[in-house]
Amino acid sequence: MNKSKTVETLSFEDFKKEVLNDYKIASISRECSLLGRKEVLTGKAKFGIFGDGKEVPQLALAKAFQNGDFRSGYYRDQTFMMAIGELSIVQFFAGLYGHADINFDPMSAGRQMGGHFATHSLDENGNWKNLTKQKNSSADISPTAGQMPRLLGLAQASKIYRNVAEIPAENNFSVKGNEVAWGTIGNASSSEGLFFETINAAGVLQVPMVMSVWDDEYGISVHAKYQTTKENISEILKGFQRDEENNGYEIFRVKGWDYPALVDTYQKASEVARTEHVPVLIHVDELTQPQGHSTSGSHERYKNAERLAWEAEFDCIAQMKKWMIENNIALAEELEEIESASKKEVLEGKKVAWANYLAGIKEDQAATVAILNQVAQNSENKVFIEKYANDLAAAKEPIRKDLLVVARKVLRMLSGSDRATLATWITNFIERIQPKYSSHLFSESNLNIASTTEIKPTFDETSEEVDARLILRDNFDKIFAKYPETLVFGEDAGNIGDVNQGLEGMQEKYGELRVSDAGIREATILGQGIGMAMRGLRPIAEIQYLDYLLYAIQIMSDDLATLQYRTHGRQKSPLIIRTRGHRLEGIWHSGSPMGMIINAIRGIHVLVPRNMTKAAGFYNTLLKTDEPALVVECLNGYRLKEKMPTNLGEFQTPIGVVETIKEGKDITLVSYGSTLRLVEQAAKELLEIGIDAEIIDIQSLLPFDLNKDIVKSVAKTNRLLVIDEDVPGGASAYILQEIIENQNAYKHLDSAPQTLTAKAHRPSYGTDGDYFSKPSTEDIFEKVYEIMNEANPNKFPKLY
């Protein structure tokens, strides 16, 4: 049954003991589901989605799961987590209640609803643990099939560790690439494009991935006949089955209530994937979902009496019980004792979890009541404040919101020193509590961007003016030589060295595993990077053009950007995403939807270098950090001339730091990327008529101007214009808010701050399409002139 103890070598007593232990885990998990639903319906928890009906196949999966392996699953895998020893009853309910403390809810510190599971890849300081010594679960996300792209990368990491000789054999992430990545998904979610994209990519890459589809015939309330062709995922994927002449999948189909067949199937799947690095699909059908999809509804509304009767008979736990009795493994009385004990154990665990959840809040409740009574004594509103305090003290199950709402209402009733006292208390309370819900959006380890320093590129008399792409290429060469764990992959990234030849010759030098081509499948390119970075590699995922990032924006937003946050800093994926944009040649290659991107991927740094030297410096910097980032290279800059630095691979562009590239006294012009070349040209022409503009390169949209240098420029010039290729109200609105509101630049303005953006539509094709769609040098000149006309109409009379 266990990997170390096959059925053949176990004595009957040991075999019986193990099977009974499995039954106990299944019974406990089922009781957690049943009691969890009651906790939601009584109001103690907000929402519940449980793993009832899937217990037995998850026991079989757990038996095949070994140290070093990774799970990338969905929100019904509680039995599996219990079986591998990574989820207790108390922790289950802590997650259900949303206990905002990583010590009580190790899955997410209350940041995700119950059913979203994770193990800790990092210690409390953000340092890697030895992942080969533990069983690993990548942190779940709710979007259906969103776990699939990451699964691909988790599996590919084993292939890299097995086959890239330069990576030290002794490491915390792999033992000779023997680890399997296990995926789980509901049958209905296999309809998602991300599922099919990942299945195809894994078959191409031949990675050790085992994909389990839990099939209970429904997706929410919708029957499989509306979900899947032939109502059967393994049937329609038969073409992926490997044969003597072609690579592909090993495909198994097994009944979800058949305990011995499930154990056997998962052992076979593990062996194939682990030793041969062949992907496996396991279609687990004839499963049930006893309580329906979630606590939001009842499955009796959409299942007929015949289906409900079948589910009662073929419930996997009921069938396991029947099998044990029929095969003289256990008596009915023994199993009933296990069931009864499980109910008591779960009830006690629930009570402990609820007491733990309330304990800290009760302390805060008492402190709040005390401060309210204190400030009430000298107030003319004493009677009203004391009523607030008494009502709050009487609340049996308060939440922290209740405490703060009352305190802030009372604040309005006070004056003088009493108001100051309560105001200080409220401020301190928020400062103490807010991090429970807001910390770890970015890394808080000693490897975050704050730990890096700028190292300028150096030049000497031999430094030549070269095509800028060569700076990128030669810098990547230094990176790959210095960091054996780095690799890059994407469409055209391998054989031809990317479409702009920034990787020219790198595949020939470092091999196809480290510099590789990928199919046209942006979401799983991102997923490869996420998964591999979660296992200690330093991947660079290349998306050919910025516009194509839309295919992957959901994965970036829901998975990569939230990973540190949703695990309270216990998992990380320092993926670098490389792309190119800002070239203004039509609807699909305009490359400037920056507002959409920066507002969708908070948690990922967004870097917008104006040239390739700056871009190369960003890559060098990022490899010293443990944070994910998107680097947008200027598409029309690869053939422009730049000086070749002498310290390739060493110089570092600072992140979150702006650069003043021209000083001036009349107006501050703020922009980034390719647009800066237009701004610089306009500034030259403005200078000819007596307008001296200061130009600031943002360089980094996320984070933005950490040193608040732009406001210093505005304080000098007293005028501000933001120029951007995005649509009106896009990135320019974000930039303006940062400068005006967060840096308080409004104090220094003598003219209204303005933006100059592209038109609201996507840019039209060709040079004229560019000119009439996006800001031009003339547009910038005239917008600045208009601002100066308002300030000094005599010196700068109207142009129009």
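Colleague: Into which classes do the residues of the lining of the largest cavity divide?

Modeller: That lining holds 8 nonpolar, 8 polar and 1 charged residues. The classes follow a fixed list: Ala, Val, Leu, Ile, Met, Phe, Trp, Tyr, Cys and Pro count as nonpolar, Asp, Glu, Lys and Arg as charged, and the others, Gly among them, as polar. This is a predicted model, in which local features need pLDDT of at least 70 and side-chain atom pairs count only at pLDDT 80 or more, while totals for chains, interfaces and linings use all residues. Residues are numbered from 1 along each chain as its sequence is written, and side-chain values use heavy atoms, with hydrogens and water left out.

Colleague: What makes a space a cavity, and what makes it a pocket?

Modeller: The search runs on a 1 Å grid over the protein atoms alone; a cavity is a set of points where a 1.4 Å probe fits but cannot get out, whereas a pocket is an open set with protein on both sides within 12 Å along at least five of seven lines. A residue belongs to a lining if one of its atoms is within 4 Å of a point. Grid points are joined across faces, edges and corners, and a volume is the space filled by probe spheres set on the points. By this rule there are 4 cavities of 30 Å³ or more.

Colleague: What is the volume of the largest cavity, and which residues are the closest to its centre?

Modeller: The volume of the largest cavity is about 100 Å³. It is lined by 17 residues, of which F92, G95, G114, G115 and F117 are the closest to the centre. Helix 4 (residues 89-97) gives the most to this lining, with 4 residues. Helices are DSSP runs of H or I with at least four residues, strands are runs of E with at least two, and both are numbered from the N terminus.

Colleague: What lines the second largest cavity?

Modeller: The second largest cavity holds about 50 Å³ of space. Its lining consists of L441, F442, S443, L560, A561, L563, Q564, K572, S573, G603, E627 and P628. By class these are 6 nonpolar, 4 polar and 2 charged residues.

Colleague: Which helix gives the most to the lining of the largest pocket?

Modeller: Helix 11 does, with 5 residues. Helix 11 (332-376), helix 13 (400-411), helix 14 (416-433) and helix 15 (435-438) each supply at least two. The pocket contains about 510 Å³ of space. Among its 23 lining residues, A100, R400, I433, K436 and Y437 are the closest to the centre. The lining divides into 12 nonpolar, 6 polar and 5 charged residues.

Colleague: Why are helix 1 and helix 10 described as they are, parallel or antiparallel?

Modeller: The axes of helix 1 (residues 12-41) and helix 10 (residues 316-326) cross at roughly 155 degrees and come within 11 Å. Axes are lines fitted to C-alpha atoms, for helices over the stretch in contact, and angles run from 0 to 180 degrees between N-to-C directions. Angles under 35 degrees count as roughly parallel, over 145 as roughly antiparallel, 65 to 115 as roughly perpendicular and the rest as oblique. Helix 1 and helix 10 are therefore roughly antiparallel. Their contact (heavy atoms within 4.5 Å) involves F15, V19, L20, D22, Y23, A26 and R30 of helix 1 with C316, I317, M320, K321, W323 and M324 of helix 10. It has 10 nonpolar, no polar and 3 charged residues.

Colleague: What is the handedness of the crossing of helix 1 and helix 10?

Modeller: That crossing is left-handed. The term applies if the near helix is turned anticlockwise from the far one by less than a right angle; if clockwise, the crossing is right-handed. The crossing of helix 5 and helix 6 is right-handed.

Colleague: Why are helix 5 and helix 6 called parallel or antiparallel?

Modeller: Helix 5 (residues 147-163) and helix 6 pack at an angle of about 15 degrees, with their axes 9 Å apart. Helix 5 and helix 6 are therefore roughly parallel. The contact has 9 nonpolar, 2 polar and 1 charged residues.

Colleague: What makes K176 notable in its backbone?

Modeller: K176 has a positive phi of about 60 degrees although it is not a glycine. It lies in the loop between helix 5 and strand 3 (181-186).

Colleague: Which bond joins L702 and P703?

Modeller: A cis peptide bond joins them, with omega about -5 degrees. P703 is in the loop between strand 20 (700-702) and helix 24 (710-717).
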